[in-house]
Amino acid sequence: MPSARWRSTRWSRRSPAIPACPWAWPTWRRRSSPFLKFDAADPRWPDRDRFVLSAGHGSMLLYALLNLTGHAGMGIEEIRRFRQLHSPAAGHPEFGEHPGIETTTGPLGQGLANAVGMALAERMLAARFGKSLVDHRTWVIAGDGCLQEGISHEAASLAGHLQLDKLTVLYDDNQITIDGDTSLSFTDDTLKRFAAYGWAVRRVDGHDAEAVASALAWATRVNKPVLLACRTIIGFSAPTKAGTAGSHGSPLGAAEAAAAKSAMGWNHPAFEVPEGLRERWEAAGKRGGGTRRAWLKRLAKHPMQAEFERALAGRLPEAWHEPLAALRAKTAADMPKIASRIASQRALEALVPAVPEMVGGSADLTGSNNTNVKGIPAVTAGNFAGRYIHWGVREHGMAAAMNGMALHGGIIPYSGTFLVFADYMRPAIRLAALMRQRVIHVLTHDSIGLGEDGPTHQPVETLAGLRCIPNLAVFRPGDAMETAECWELAVKRADGPSVLALSRQNLTPFRTDSGENRCARGGYVVEEASGERRATLIATGSEVPLALVARAALEADGIPTAVVSLPSWELFAAQDASYREQVLGDALRVGIEAAVGFGWERWLGPEGIFIGMGGFGASAPAEDLFRHFGITADAVVAAVKKRLG
Ligand SMILES: Cc1ncc(C[n+]2csc(CCOP(=O)(O)OP(=O)(O)O)c2C)c(N)n1
Ligand SMILES: [Mg+2]
């Protein structure tokens, strides 16, 4: 049943008022419409506008436009192979499949939040390099689903707060989602909602191209982010399915499709673009060529050309690691007994001044995550020259916007929150991994070692959950030296995201050497056994010092024992088998980690022993908790002795 709202539109579902065929539209529609700045000859041109199809299920819109505007790599053959293996025209837009695809979308709301990050990156790079090099806009098409998702609130609220005025969202306000009319579940006043965030909003007839064009022109003039609620009919012109959820995802069917095409005056065979029309579209694809060439000339003369190109290419500055090497040498000499979150802050103090594209932030836990660096100002609505972002309590929006910043290029974003809240960011972390983006999350308070905040804040399953995300590097360093090494690896890792799981509590240092980055192989022998190994204690993070205490006791009792630190399972798994065997050894293997044992079988085999958590934690001082849950050197010693008999 069509809803009252539906009937209130000026179309009826059965007989939509169909505009004349698009190629016969009046002249303004064929003029050099300047809204989207791009050049099909170079879809990665850094100063292009970014277009994000947040409603990723409409992927064919993007593919068809890439094809029509003359982009290489999206020919009619690719279009024919829509949703087939190895086609760049995948079910949802996939970053990396075609250079004209700015981001992977499909999980609703992510694209919108990516776009907020892109728009923020644009403002920040404009502040750094000037308007002559960086002056572009970000455009989004989002649907009801994107705006229903919670992440849209976080992202839009932030965009409003920061007044990202070069961001425009076209909301495909068709009042339909998969289950049916949006009245089933969605009665927000979306315009009021966005206005309350500080956006400029307008309602537009989405089928009136002239009205849309004038709204877009307006959007480029206002100094706020803009939401245009474009009232549309899904499946426009399909005789029985227009305006219904039936046209959302399944093919219309031959008869319905034929009727829809003929109603629009389209009488051409499938996959054929009629003569004259392709030329016009290709001309649109070339329209930005002059602007791009003028930009290239400006770049060639720009005093910051080399620096701009370096940052945009994702290459680190030549001497980026020198301050970190100095820190590592000092750490080896001083052997500070500090929490790994504090060690992380020291690493950042070495890295951030040396790597100008690093942009930090925290989801309202700056003082706990230790993500700030003295002298680095925060970004504010009026001043984008800062390099630190107060994301507010918006973990999901933060992680997705960081993806957008990394995708934009020229920025290496790092953030902070508690490890347990990785779950609030998980969909965005997963997409960063899928898109191979360098995004770094500083996740502190990484176990029951955080103490009194109790089980809601104590991650137990989180490490296992992160380690199973393909292409995500999970680092859990065990002392200040390992923390500096893991930071080095995360910053160097250009083709994927990293998380650093860091302790709240102080850690007894064990590393005295500072030459080779020993974490680079993911795992290594910290202390070899004094004789032929009878046991190998394998630990990560705060449990490495504990393993060393246990080793000392076992050695004193005549049981030669080695200790292995395993700060990154992913890097260790990538080593050759002989190295892994040599590190893990043939003796009894004991895994120690203040988390659930899920996944540890991989290193321990069926005969190994795991000492860690069996369930949720509790609220108490950290030392009491380690004792209560049996994660102590004594427990390790007892378990080894019992097994060895
Ligand atoms: C996070 C997430 N949840 C669910 C889905 C499955 N899904 C795909 S499209 C869609 C409905 C979207 O409705 P709308 O955005 O209004 O798109 P329209 O049908 O109007 O094109 C849903 C639930 C998804 N892609 N992402
Ligand atoms: Mg919809």
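**Exercise 1. Place N517 and its polar partners in this predicted model.**

Task: Which backbone oxygen lies 3.2 Å from a polar atom of the side chain of N517? Then find the side-chain partner of N517 and decide whether N517 is buried or exposed.

Solution.
- Step 1. Start with the backbone. The oxygen in question belongs to E485; it lies 3.2 Å from a polar side-chain atom of N517.
- Step 2. Move to side chains. N517 makes a polar contact with the side chain of E488, at 3.4 Å.
- Step 3. Widen the view to contacts. Leaving out residues up to four places away in sequence, N517 touches R328, E485, E488 and L489. E485 and E488 thus appear in this contact list.
- Step 4. Locate the residue. N517 sits in the loop that joins β15 (506-507) to β16 (524-527).
- Step 5. Judge burial. The cut-off for buried is under 20% relative accessible area. N517 has 11% relative accessibility, so it counts as buried.

**Exercise 2. Describe the magnesium site.**

Task: Which protein atoms are donors of the magnesium ion (ligand 2), and what spacing do they follow along the chain?

Solution.
- Step 1. List the donors. They are D144 (OD), N174 (OD1) and I176 (O), lying 2.1 Å from the ion.
- Step 2. Read the order along the chain. The spacing is D-x29-N-x1-I.
- Step 3. Map the ends of that pattern. D144 belongs to helix α6 and I176 to strand β4; the pair is 32 residues apart and links distant parts of the chain.
- Step 4. Check burial. D144 counts as buried because its relative accessibility is 3%. I176 is buried too, at 10%.

**Exercise 3. Survey the shell around ligand 1.**

Task: Which of the 14 residues around ligand 1 come nearest? Which polar atoms lie 2.8 Å, 2.6 Å and 2.5 Å from an oxygen atom of ligand 1?

Solution.
- Step 1. Name the nearest residues: H57, G106, G145, N174 and H248.
- Step 2. Assign the distances. A backbone N or O atom of G145 lies 2.8 Å from a ligand 1 oxygen. For N174, a polar side-chain atom lies 2.6 Å from an oxygen of ligand 1. For H248, a polar side-chain atom lies 2.5 Å from an oxygen of ligand 1.
- Step 3. Add the cover. On its own, ligand 1 has 590 Å² of accessible area, and the protein covers 71% of that.
- Step 4. Sort the shell by type. Five residues are nonpolar, seven polar and two charged.
- Step 5. Trace the elements. α6 (144-148) and β4 (176-177) each supply at least two shell residues.
- Step 6. Link the two sites. N174 is a donor of the magnesium ion, and a polar atom of the N174 side chain lies 2.6 Å from a ligand 1 oxygen.

Note on methods. Residues numbered from 1 in each chain as written. Chains lettered and ligands numbered in written order. Predicted model: local features only at pLDDT ≥ 70, side-chain atom pairs only at ≥ 80, totals over all residues. Heavy atoms only, no water. Near = heavy atom within 4 Å. Polar contact = N/O pair within 3.5 Å; in protein donor to acceptor, adjacent residues only side chain to side chain. Areas by Shrake-Rupley, 256 points an atom, 1.4 Å probe, with all protein chains shown as cover. Helix = DSSP H or I, 4+ residues; strand = E, 2+ residues; numbered from the N terminus. Nonpolar A, V, L, I, M, F, W, Y, C, P; charged D, E, K, R; others polar. Donors = N, O, S within 2.8 Å, 3.2 Å for Na, K, Ca; no water. Buried < 20%, exposed > 50% of the residue type's maximum accessible area, 1.4 Å probe, protein only. Contact = heavy atoms within 4.5 Å.
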